[in-house]
Amino acid sequence: QVQLVESGGGLVQPGGSLTLTCAASESRYIIDTMGWYRQAPGKQRDLVARISIGGSTNYGDSVKGRFTISRDYAKNTVYLEMNNLKPEDTGVYYCHADWRIAINREDTWGQGTQVTVSS
């Protein structure tokens, strides 16, 4: 079973920057897509960014040009660099991974890390 450990959230002023880190605990499995999702209070969980095993990336429309997702395949770690943060970026950020072993495909969510953008 893959476990995900997130770090890097916190309080930042509008226009500021933060980098989130998510490390997968298990190296025996093949981890396909890793990504970040965001859930604001009272709202659904939406895609922020994701990166495939081949390096292809997808971003939510609201973060394009401001956020960058990257991945260290050797460390099974994904990073989310967030620049020019806005109050509407506030929420709990969850790391997600699709992984497989043999013919079995699974997915795992992290515990979430709070990001608050406020002056």
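These are my notebook entries on aromatic pairs, strands and the nonpolar core in a predicted model.

**Entry 1: the stacked pair**

I began with the aromatic rings and found that the structure holds three aromatic pairs. In one of them Tyr29 and Trp99 are stacked, with 4.6 Å from centre to centre and 20° between the planes. I then looked up where the two residues lie: Tyr29 is in the loop between β3 (18-24) and β4 (30-39), while Trp99 belongs to strand β9 (residues 91-101), so the pair ties together parts that are 70 residues apart in sequence. Is Tyr29 buried or exposed? Its relative accessible area is 12%, and because buried means under 20%, Tyr29 is counted as buried. Trp99 is also buried, at 4% relative accessibility.

**Entry 2: the edge-to-face pair**

Next I turned to Tyr37 and Trp109, an aromatic pair that is edge-to-face, with 5.1 Å from centre to centre and 70° between the planes. This pair links distant parts of the chain, with Tyr37 in strand β4 and Trp109 in strand β10 (residues 104-109), 72 residues apart. I noted that Tyr37 is buried, with a relative accessible area of 17%, whereas Trp109 is partly exposed, at 37% relative accessibility.

**Entry 3: a cluster with an arginine**

I wanted to know which residues form one aromatic cluster with Tyr37. They are Tyr94 and Trp109. Looking around these rings, I came to Arg45, which lies over the face of Tyr94 at 3.6 Å from the ring centre. The charged end of Arg45 also sits over the ring of Trp109, 4.6 Å from its centre.

**Entry 4: the open sheet**

I traced an open sheet of four strands in the order β1-β3-β8-β7, with antiparallel pairing. At its edges stand β1 (4-7) and β7 (67-72), each with a single partner strand, so one side of each is left without a neighbour in the sheet. From one strand to the next, the twist averages 15°.

I then followed the pairings one at a time. β1 and β3 are antiparallel and pair over four bridges, and the bridge partner of Leu4 in β3 is Ala24. β3 is joined to strand β8 (residues 77-82) by six bridges, again in the antiparallel sense, and here Ala23 stands opposite Thr77 in β8.

Along β1 I checked which way the side chains point, and they alternate: Leu4 and Glu6 point to one face and are buried, while Val5 and Ser7 point to the other face and are not buried.

**Entry 5: the nonpolar core**

Which residues touch the most other members of the largest nonpolar core? This core has 27 residues, and the ones I was looking for are Met34, Trp36, Leu80, Met82 and Tyr93. At least two residues of the core come from each of β3, β4, β5 (45-51), β7, β8, β9 and β11 (113-117).

I took Tyr93 for a closer look and, leaving out residues up to four places away in sequence, I listed its contacts, among them Trp36, Leu80 and Met82. Glu6 and Tyr37, which I had met in earlier entries, are also touched by Tyr93.

**Entry 6: a last look at β9**

Finally I went back to strand β9, where Ile101 has its place. Ile101 is partly exposed, at 37% relative accessibility. Although Ile101 and Tyr29 are 72 residues apart in sequence, their C-alpha atoms are 5.3 Å apart in space.

Definitions and conventions. Residues are numbered from 1 along each chain as its sequence is written. This is a predicted model: local features need pLDDT of at least 70, side-chain atom pairs count only at pLDDT 80 or more; totals for chains, interfaces and linings use all residues. Side-chain values use heavy atoms; hydrogens and water are left out. Rings of Phe, Tyr and Trp (its six-membered ring) pair if their centres lie within 6.5 Å; planes under 30 degrees apart count as stacked, over 60 as edge-to-face and the rest as tilted. Buried means under 20% relative accessible area, exposed over 50%, partly exposed in between (1.4 Å probe, protein chains only). A charge sits over a ring if NZ of Lys or CZ of Arg is within 6 Å of the ring centre and within 35 degrees of the ring normal. Two strands pair if DSSP finds at least two bridges between them. Axes are lines fitted to C-alpha atoms, for helices over the stretch in contact, and angles run from 0 to 180 degrees between N-to-C directions. A nonpolar core is a set of buried Ala, Val, Leu, Ile, Met, Phe, Trp, Tyr and Cys residues joined through side-chain atoms within 4.5 Å. Contact means heavy atoms within 4.5 Å.
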